[in-house]
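Welcome to a short tour, meant to be followed with your viewer open. Each stop suggests a selection and then says what is there.

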Amino acid sequence: MEHRSLTFIGAGNMARSIIAGLVNAGYPTKAITASSPSAHPGDVLSTDYGIQTTRDNLHACQAADVIVLAVKPQLMAQVLSDLSAVDWSSKLVISIAAGISTHRLCEMAGTTLNLVRVMPNTPSLVGQGMSGLFASSQVTDADKRYATALMEAVGEVCCVDEEAKINGVIAAAGSAPAYFFRFMEAMQQEAIRQGFSDEQARQLVQQAAKGAAEMVVSNTDTTIGQLREQVTSKGGTTAEALRVFDQHGIGDIVAQAMQAAVSRAEQMEQEF
Ligand SMILES: NC(=O)c1ccc[n+]([C@@H]2O[C@H](COP(=O)([O-])OP(=O)(O)OC[C@H]3O[C@@H](n4cnc5c(N)ncnc54)[C@H](OP(=O)(O)O)[C@@H]3O)[C@@H](O)[C@H]2O)c1
(Lines give C-alpha, C1' and ligand atoms only; values in the text may rest on other atoms or scores of the structure.)
Protein backbone atom coordinates (compact mmCIF):
# COMPACT_ATOMS: atom_id res chain seq x y z
CA MET A 1 0.00 0.00 0.00
CA GLU A 2 1.02 3.62 -0.41
CA HIS A 3 2.76 5.14 2.61
CA ARG A 4 0.97 8.45 2.96
CA SER A 5 1.28 10.54 6.12
CA LEU A 6 -1.48 9.32 8.35
CA THR A 7 -3.05 10.78 11.49
CA PHE A 8 -5.45 9.02 13.85
CA ILE A 9 -7.77 11.31 15.81
CA GLY A 10 -8.44 9.11 18.83
CA ALA A 11 -5.96 6.50 20.01
CA GLY A 12 -8.22 3.92 21.63
CA ASN A 13 -8.75 0.22 21.02
CA MET A 14 -9.66 0.38 17.36
CA ALA A 15 -7.01 2.95 16.37
CA ARG A 16 -4.36 0.94 18.23
CA SER A 17 -5.35 -2.26 16.46
CA ILE A 18 -5.13 -0.66 13.03
CA ILE A 19 -1.81 0.98 13.93
CA ALA A 20 -0.44 -2.37 15.14
CA GLY A 21 -1.56 -4.04 11.90
CA LEU A 22 -0.01 -1.30 9.76
CA VAL A 23 3.31 -1.32 11.63
CA ASN A 24 3.49 -5.13 11.46
CA ALA A 25 2.83 -4.87 7.72
CA GLY A 26 5.83 -2.53 7.34
CA TYR A 27 4.09 0.87 7.19
CA PRO A 28 6.77 3.46 8.07
CA THR A 29 6.30 4.49 11.70
CA LYS A 30 7.46 8.04 10.93
CA ALA A 31 4.38 8.45 8.72
CA ILE A 32 1.91 7.63 11.52
CA THR A 33 0.66 10.01 14.24
CA ALA A 34 -1.98 9.34 16.88
CA SER A 35 -3.68 12.25 18.62
CA SER A 36 -5.71 11.96 21.81
CA PRO A 37 -6.11 13.89 25.08
CA SER A 38 -4.17 11.36 27.17
CA ALA A 39 -1.32 10.87 24.68
CA HIS A 40 2.08 11.17 26.33
CA PRO A 41 5.68 10.55 25.21
CA GLY A 42 5.94 7.20 27.03
CA ASP A 43 2.73 5.92 25.49
CA VAL A 44 2.96 2.33 24.29
CA LEU A 45 2.18 3.67 20.81
CA SER A 46 5.48 5.52 20.75
CA THR A 47 7.53 3.08 22.81
CA ASP A 48 6.35 -0.19 21.21
CA TYR A 49 5.32 0.95 17.76
CA GLY A 50 7.59 3.98 17.36
CA ILE A 51 4.87 6.23 15.99
CA GLN A 52 4.35 9.89 16.86
CA THR A 53 1.82 10.78 19.58
CA THR A 54 0.35 14.19 20.31
CA ARG A 55 -2.52 15.94 22.05
CA ASP A 56 -2.81 18.53 19.30
CA ASN A 57 -5.55 17.33 16.95
CA LEU A 58 -5.37 20.44 14.79
CA HIS A 59 -1.67 20.30 14.08
CA ALA A 60 -1.78 16.51 13.60
CA CYS A 61 -4.54 16.92 10.98
CA GLN A 62 -2.91 19.82 9.20
CA ALA A 63 0.31 17.81 8.84
CA ALA A 64 -1.29 14.65 7.40
CA ASP A 65 -2.54 13.47 4.00
CA VAL A 66 -5.00 11.01 5.53
CA ILE A 67 -7.04 11.44 8.71
CA VAL A 68 -8.68 8.49 10.47
CA LEU A 69 -11.51 9.66 12.73
CA ALA A 70 -11.45 7.14 15.59
CA VAL A 71 -13.19 8.88 18.49
CA LYS A 72 -16.45 7.76 20.06
CA PRO A 73 -19.48 8.84 17.99
CA GLN A 74 -20.82 11.17 20.69
CA LEU A 75 -17.56 13.18 20.62
CA MET A 76 -17.36 13.51 16.84
CA ALA A 77 -19.31 16.79 16.46
CA GLN A 78 -17.08 18.58 18.97
CA VAL A 79 -13.88 17.09 17.55
CA LEU A 80 -14.71 18.12 13.98
CA SER A 81 -15.93 21.56 14.99
CA ASP A 82 -12.58 22.13 16.78
CA LEU A 83 -10.86 21.29 13.47
CA SER A 84 -12.59 24.04 11.47
CA ALA A 85 -9.22 25.63 10.59
CA VAL A 86 -8.13 22.52 8.65
CA ASP A 87 -8.11 22.77 4.86
CA TRP A 88 -9.78 19.45 4.11
CA SER A 89 -9.75 19.86 0.33
CA SER A 90 -6.62 17.80 -0.34
CA LYS A 91 -7.09 15.25 2.46
CA LEU A 92 -8.65 11.82 2.57
CA VAL A 93 -10.82 11.36 5.67
CA ILE A 94 -11.69 7.86 6.91
CA SER A 95 -14.31 7.61 9.65
CA ILE A 96 -14.60 4.39 11.63
CA ALA A 97 -17.26 5.82 13.96
CA ALA A 98 -20.39 3.70 14.23
CA GLY A 99 -23.71 5.28 13.33
CA ILE A 100 -22.61 8.61 11.80
CA SER A 101 -23.50 9.05 8.14
CA THR A 102 -21.19 10.72 5.62
CA HIS A 103 -23.77 13.51 5.29
CA ARG A 104 -23.66 14.20 9.06
CA LEU A 105 -19.86 14.04 9.16
CA CYS A 106 -19.68 16.71 6.44
CA GLU A 107 -22.21 18.82 8.35
CA MET A 108 -20.12 18.46 11.51
CA ALA A 109 -16.97 19.49 9.61
CA GLY A 110 -18.83 22.38 7.96
CA THR A 111 -17.59 21.38 4.52
CA THR A 112 -17.64 18.58 1.95
CA LEU A 113 -15.11 15.95 2.95
CA ASN A 114 -13.29 13.52 0.72
CA LEU A 115 -14.77 10.84 2.92
CA VAL A 116 -14.70 7.07 3.32
CA ARG A 117 -16.92 5.52 5.98
CA VAL A 118 -15.79 2.25 7.47
CA MET A 119 -17.66 -0.08 9.79
CA PRO A 120 -15.17 -2.43 11.47
CA ASN A 121 -16.06 -5.15 13.98
CA THR A 122 -14.49 -6.21 17.24
CA PRO A 123 -12.33 -9.11 15.92
CA SER A 124 -10.30 -6.33 14.25
CA LEU A 125 -8.73 -6.08 17.70
CA VAL A 126 -7.12 -9.50 17.08
CA GLY A 127 -6.43 -8.96 13.37
CA GLN A 128 -9.50 -10.95 12.27
CA GLY A 129 -11.86 -8.09 11.51
CA MET A 130 -14.57 -7.82 8.89
CA SER A 131 -15.13 -4.23 7.82
CA GLY A 132 -17.67 -2.67 5.51
CA LEU A 133 -16.45 0.31 3.47
CA PHE A 134 -18.42 3.01 1.69
CA ALA A 135 -16.71 5.77 -0.28
CA SER A 136 -18.57 9.00 -1.01
CA SER A 137 -18.90 9.92 -4.68
CA GLN A 138 -15.92 12.27 -4.97
CA VAL A 139 -13.43 9.74 -3.55
CA THR A 140 -10.94 8.62 -6.18
CA ASP A 141 -10.19 4.96 -6.90
CA ALA A 142 -6.68 5.47 -5.52
CA ASP A 143 -8.09 6.83 -2.25
CA LYS A 144 -10.57 3.97 -2.07
CA ARG A 145 -7.77 1.45 -2.60
CA TYR A 146 -5.74 3.15 0.14
CA ALA A 147 -8.67 3.03 2.61
CA THR A 148 -9.28 -0.62 1.75
CA ALA A 149 -5.62 -1.51 2.31
CA LEU A 150 -5.68 0.36 5.61
CA MET A 151 -8.53 -1.77 6.95
CA GLU A 152 -6.98 -4.93 5.51
CA ALA A 153 -4.27 -4.38 8.14
CA VAL A 154 -6.81 -5.78 10.65
CA GLY A 155 -8.81 -8.25 8.55
CA GLU A 156 -11.02 -8.34 5.48
CA VAL A 157 -13.01 -5.61 3.74
CA CYS A 158 -16.34 -5.63 1.92
CA CYS A 159 -16.90 -2.50 -0.21
CA VAL A 160 -20.52 -1.39 -0.58
CA ASP A 161 -21.84 0.90 -3.29
CA GLU A 162 -24.66 2.47 -1.25
CA GLU A 163 -24.24 3.92 2.21
CA ALA A 164 -27.47 2.27 3.42
CA LYS A 165 -25.75 -1.10 2.99
CA ILE A 166 -23.41 -0.21 5.85
CA ASN A 167 -26.35 -1.03 8.12
CA GLY A 168 -26.52 -4.45 6.48
CA VAL A 169 -22.81 -4.84 7.20
CA ILE A 170 -23.55 -4.05 10.84
CA ALA A 171 -26.23 -6.79 10.91
CA ALA A 172 -24.10 -9.41 9.11
CA ALA A 173 -20.66 -8.65 10.56
CA GLY A 174 -20.50 -5.70 12.98
CA SER A 175 -22.89 -7.20 15.53
CA ALA A 176 -22.28 -10.80 14.48
CA PRO A 177 -19.46 -11.71 16.90
CA ALA A 178 -21.97 -11.28 19.73
CA TYR A 179 -24.45 -13.62 17.99
CA PHE A 180 -21.78 -16.33 17.90
CA PHE A 181 -20.78 -15.57 21.50
CA ARG A 182 -24.44 -15.95 22.55
CA PHE A 183 -24.72 -19.29 20.75
CA MET A 184 -21.44 -20.53 22.22
CA GLU A 185 -22.48 -19.33 25.67
CA ALA A 186 -25.71 -21.36 25.47
CA MET A 187 -23.77 -24.44 24.33
CA GLN A 188 -21.25 -24.02 27.14
CA GLN A 189 -24.06 -23.76 29.71
CA GLU A 190 -25.67 -26.96 28.47
CA ALA A 191 -22.33 -28.81 28.39
CA ILE A 192 -21.82 -27.77 32.04
CA ARG A 193 -25.33 -29.06 32.86
CA GLN A 194 -24.29 -32.35 31.26
CA GLY A 195 -21.39 -32.65 33.73
CA PHE A 196 -18.36 -30.93 32.22
CA SER A 197 -16.34 -28.36 34.16
CA ASP A 198 -16.49 -24.71 33.01
CA GLU A 199 -13.06 -25.07 31.43
CA GLN A 200 -13.82 -28.33 29.66
CA ALA A 201 -17.14 -26.97 28.38
CA ARG A 202 -15.42 -23.86 27.06
CA GLN A 203 -12.67 -25.88 25.43
CA LEU A 204 -15.20 -28.16 23.71
CA VAL A 205 -17.30 -25.29 22.42
CA GLN A 206 -14.56 -22.85 21.40
CA GLN A 207 -12.55 -25.45 19.51
CA ALA A 208 -15.68 -26.75 17.74
CA ALA A 209 -16.56 -23.18 16.72
CA LYS A 210 -13.00 -22.44 15.56
CA GLY A 211 -12.85 -25.72 13.62
CA ALA A 212 -16.22 -25.08 11.96
CA ALA A 213 -15.19 -21.53 11.00
CA GLU A 214 -11.89 -22.85 9.59
CA MET A 215 -13.81 -25.41 7.50
CA VAL A 216 -16.00 -22.65 6.06
CA VAL A 217 -13.00 -20.44 5.31
CA SER A 218 -10.91 -23.21 3.74
CA ASN A 219 -13.71 -24.69 1.58
CA THR A 220 -14.95 -21.71 -0.41
CA ASP A 221 -16.16 -23.96 -3.25
CA THR A 222 -18.58 -25.69 -0.89
CA THR A 223 -21.67 -23.84 0.29
CA ILE A 224 -22.20 -23.55 4.02
CA GLY A 225 -25.39 -25.61 3.59
CA GLN A 226 -23.38 -28.39 1.87
CA LEU A 227 -20.84 -28.38 4.70
CA ARG A 228 -23.73 -28.84 7.13
CA GLU A 229 -25.15 -31.71 5.06
CA GLN A 230 -21.73 -33.39 4.85
CA VAL A 231 -21.55 -33.66 8.65
CA THR A 232 -25.19 -34.71 9.12
CA SER A 233 -25.82 -38.47 8.81
CA LYS A 234 -29.42 -39.49 8.35
CA GLY A 235 -30.89 -40.62 11.66
CA GLY A 236 -27.76 -39.59 13.57
CA THR A 237 -27.11 -37.28 16.51
CA THR A 238 -26.42 -34.15 14.44
CA ALA A 239 -29.62 -34.62 12.44
CA GLU A 240 -31.55 -34.90 15.68
CA ALA A 241 -30.04 -31.70 17.10
CA LEU A 242 -30.66 -29.80 13.85
CA ARG A 243 -34.27 -31.04 13.80
CA VAL A 244 -34.78 -29.27 17.14
CA PHE A 245 -33.25 -26.02 15.81
CA ASP A 246 -35.50 -26.12 12.76
CA GLN A 247 -38.55 -27.00 14.79
CA HIS A 248 -37.98 -23.75 16.72
CA GLY A 249 -37.50 -21.73 13.53
CA ILE A 250 -33.77 -21.02 13.68
CA GLY A 251 -33.84 -19.42 10.20
CA ASP A 252 -36.63 -17.01 11.18
CA ILE A 253 -35.01 -16.17 14.51
CA VAL A 254 -31.74 -15.23 12.80
CA ALA A 255 -33.54 -13.24 10.08
CA GLN A 256 -35.56 -11.30 12.65
CA ALA A 257 -32.47 -10.61 14.75
CA MET A 258 -30.56 -9.25 11.75
CA GLN A 259 -33.53 -7.11 10.69
CA ALA A 260 -33.69 -5.72 14.25
CA ALA A 261 -29.99 -4.81 14.03
CA VAL A 262 -30.59 -2.93 10.75
CA SER A 263 -33.57 -1.06 12.25
CA ARG A 264 -31.54 -0.04 15.28
CA ALA A 265 -28.65 1.12 13.08
CA GLU A 266 -31.12 3.28 11.09
CA GLN A 267 -32.48 4.77 14.33
CA MET A 268 -28.96 5.46 15.64
CA GLU A 269 -28.10 7.37 12.48
CA GLN A 270 -30.80 9.87 13.48
CA GLU A 271 -29.23 10.32 16.93
CA PHE A 272 -25.98 11.99 15.84
N1 LIG B 1 -14.05 -1.17 19.27
C2 LIG B 1 -14.78 -1.72 18.32
O3 LIG B 1 -14.92 -2.94 18.22
C4 LIG B 1 -15.43 -0.85 17.26
C5 LIG B 1 -16.19 -1.45 16.26
C6 LIG B 1 -16.78 -0.65 15.28
C7 LIG B 1 -16.60 0.73 15.30
N8 LIG B 1 -15.87 1.28 16.29
C9 LIG B 1 -15.74 2.75 16.32
O10 LIG B 1 -14.40 3.11 16.47
C11 LIG B 1 -14.34 4.36 17.18
C12 LIG B 1 -13.34 4.21 18.30
O13 LIG B 1 -13.77 3.16 19.15
P14 LIG B 1 -12.79 2.52 20.23
O15 LIG B 1 -13.40 1.26 20.67
O16 LIG B 1 -11.39 2.56 19.73
O17 LIG B 1 -12.96 3.63 21.40
P18 LIG B 1 -12.00 3.98 22.60
O19 LIG B 1 -11.12 2.83 22.93
O20 LIG B 1 -12.84 4.59 23.68
O21 LIG B 1 -11.07 5.14 21.99
C22 LIG B 1 -11.49 6.44 21.79
C23 LIG B 1 -10.25 7.31 21.72
O24 LIG B 1 -10.68 8.65 21.47
C25 LIG B 1 -9.86 9.50 22.27
N26 LIG B 1 -10.46 10.81 22.41
C27 LIG B 1 -11.40 11.24 23.28
N28 LIG B 1 -11.64 12.55 23.07
C29 LIG B 1 -10.82 12.94 22.07
C30 LIG B 1 -10.58 14.16 21.42
N31 LIG B 1 -11.25 15.28 21.75
N32 LIG B 1 -9.66 14.21 20.45
C33 LIG B 1 -8.95 13.11 20.11
N34 LIG B 1 -9.14 11.92 20.68
C35 LIG B 1 -10.06 11.83 21.64
C36 LIG B 1 -9.71 8.75 23.56
O37 LIG B 1 -8.64 9.29 24.27
P38 LIG B 1 -8.56 9.25 25.87
O39 LIG B 1 -8.44 7.80 26.21
O40 LIG B 1 -7.36 10.03 26.14
O41 LIG B 1 -9.84 9.87 26.37
C42 LIG B 1 -9.43 7.36 23.01
O43 LIG B 1 -8.07 7.27 22.66
C44 LIG B 1 -15.76 4.67 17.69
O45 LIG B 1 -16.33 5.69 16.92
C46 LIG B 1 -16.50 3.37 17.49
O47 LIG B 1 -17.86 3.62 17.12
C48 LIG B 1 -15.28 0.55 17.28
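**From the domain to the ligand**

Begin by selecting residues 6-99, which UniProt, in an unreviewed entry, lists as "domain: Pyrroline-5-carboxylate reductase catalytic N-terminal". Keep in mind that you are looking at a predicted model. Within residues 6-99, helix makes up 30% and strand 20%, and the C-alpha atoms at the two ends are 23 Å apart.

Next, select the ligand, which occupies the second largest pocket. Show the 23 residues around the ligand too: Ala11, Met14, Ser38, Asn57 and Val71 come nearest. Colour this shell by class and you should find 14 nonpolar, 8 polar and 1 charged residues.

Now zoom in on the backbone. Which polar backbone contacts can you pick out here?

- At Met14, a polar backbone atom is 2.8 Å from an oxygen atom of the ligand.
- At Ala98, a polar backbone atom is 3.0 Å from an oxygen atom of the ligand.
- At Gly10, a backbone N or O atom lies 3.5 Å from a nitrogen atom of the ligand.

Taken on its own, the ligand has 900 Å² of accessible area, and the protein covers 76% of that.

For the next selection, take the "binding site" positions from UniProt (unreviewed entry): Ile9, Gly10, Ala11, Gly12, Asn13, Met14, Ser36, Ala70, Val71, Lys72 and Pro73. From this set, Ile9, Gly10, Ala11, Gly12, Asn13, Met14, Ser36, Ala70, Val71, Lys72 and Pro73 belong to the lining of the second largest pocket.

Finish at Val71. Where does Val71 sit in the fold? Look at the loop that runs between β4 (66-69) and α4 (76-81).

Note on methods:
Residues numbered from 1 in each chain as written. Predicted model: local features only at pLDDT ≥ 70, side-chain atom pairs only at ≥ 80, totals over all residues. Heavy atoms only, no water. Near = heavy atom within 4 Å. Polar contact = N/O pair within 3.5 Å; in protein donor to acceptor, adjacent residues only side chain to side chain. Areas by Shrake-Rupley, 256 points an atom, 1.4 Å probe, with all protein chains shown as cover. 1 Å grid on protein atoms, 1.4 Å probe; cavity = no way out; pocket = protein on both sides within 12 Å on 5 of 7 lines; lining within 4 Å. Sits in = over half its atoms within 2 Å of the grid points. Nonpolar A, V, L, I, M, F, W, Y, C, P; charged D, E, K, R; others polar. UniProt positions renumbered as here; feature names shortened; annotations may be inferred. Helix = DSSP H or I, 4+ residues; strand = E, 2+ residues; numbered from the N terminus.
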